[in-house]
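Let's go through a few contacts, question by question. Have the coordinates open as you read.

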Amino acid sequence: MSSESTISKKSLVLVGMPGSGKTTVGKLLSEQTGLPFLDTDALIEAGESKRLTEIISEHTAEGFRTIESGYVQSIQSAGSIISTGGSVCYSEEAMQHLSRLGTIVWLDVSPEMLEQRISDTFDRGVLIEPGSSLTDLYSSRYPLYEKYAELKIDASLLTPPEVVSQIRQQWDF
């Protein structure tokens, strides 16, 4: 993972925890670059004709991850801004596919800030085991985000426009 060099690929893929700003930043990047925006959570909801919360409650965590991985691997959108669901990092196949499509950018936000941003993990469709905290979830996902990301932005104290600015300084679209 390098945050020093300018990166150039066809698409830009945003990964990170729920509440890290992937959708907001993705829409802003789309507006500024003219590239189409794709949200994988919205893709899954449209394909399944259900909200994420319903899909998660009808399947085991592993079942949802399989569904998510399948949808992500079906994406053929080169030249797009792609916002992913936070749990996509658990699928090596999906992450490798996303890496082939574009540059993976990790929006890292501290667990403390996530707690402030997310009021109800269930309503948001966050895939979290009963009894687990956002800090537990962050700890389990951190090494996976780190493994796959080509660029890491510490977005804890940045506004979405500031995050966009940092990405655009390092990503040559």
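Contact here means heavy atoms within 4.5 Å. Keep in mind that this is a predicted model.

Q: Which residues of α9 do Thr 24, Val 25, Leu 28, Leu 29, Gln 32 and Thr 33 in α1 meet?
A: Start from helix α1, residues 22-33, and look across to helix α9, residues 160-170. By class, this contact has eight nonpolar, three polar and one charged residues. On the α9 side, the partners are Pro 160, Pro 161, Val 163, Val 164, Ile 167 and Arg 168.

Q: Are α1 and α9 parallel, perpendicular or oblique to each other?
A: Their axes come within 9 Å and cross at roughly 60°. Angles of 65 to 115 degrees count as roughly perpendicular and those under 35 as roughly parallel, so neither label fits and α1 to α9 is oblique.

Q: Which salt bridge ties together parts that are 44 residues apart in sequence?
A: The structure holds three salt bridges. One of them joins Arg 65 and Glu 62, but both lie in helix α4, three residues apart. Another has strand β5 on one side and strand β4 on the other, so the pair that ties those parts together is Lys 152 with Asp 108.

Q: Is Asp 108 buried or exposed?
A: Its salt-bridge partner Lys 152, with closest N and O atoms 3.5 Å apart, counts as partly exposed at 26% relative accessibility. Asp 108 has a relative accessible area of 7%, and under 20% means buried. So Asp 108 is buried.

Conventions. Residues are numbered from 1 along each chain as its sequence is written. This is a predicted model: local features need pLDDT of at least 70, side-chain atom pairs count only at pLDDT 80 or more; totals for chains, interfaces and linings use all residues. Side-chain values use heavy atoms; hydrogens and water are left out. Axes are lines fitted to C-alpha atoms, for helices over the stretch in contact, and angles run from 0 to 180 degrees between N-to-C directions. Helices (H or I, at least four residues) and strands (E, at least two) are DSSP runs, numbered from the N terminus. Angles under 35 degrees count as roughly parallel, over 145 as roughly antiparallel, 65 to 115 as roughly perpendicular and the rest as oblique. Ala, Val, Leu, Ile, Met, Phe, Trp, Tyr, Cys and Pro count as nonpolar, Asp, Glu, Lys and Arg as charged, and the others, Gly among them, as polar. A salt bridge is a side-chain nitrogen of Lys or Arg within 4 Å of a carboxyl oxygen of Asp or Glu. Buried means under 20% relative accessible area, exposed over 50%, partly exposed in between (1.4 Å probe, protein chains only).
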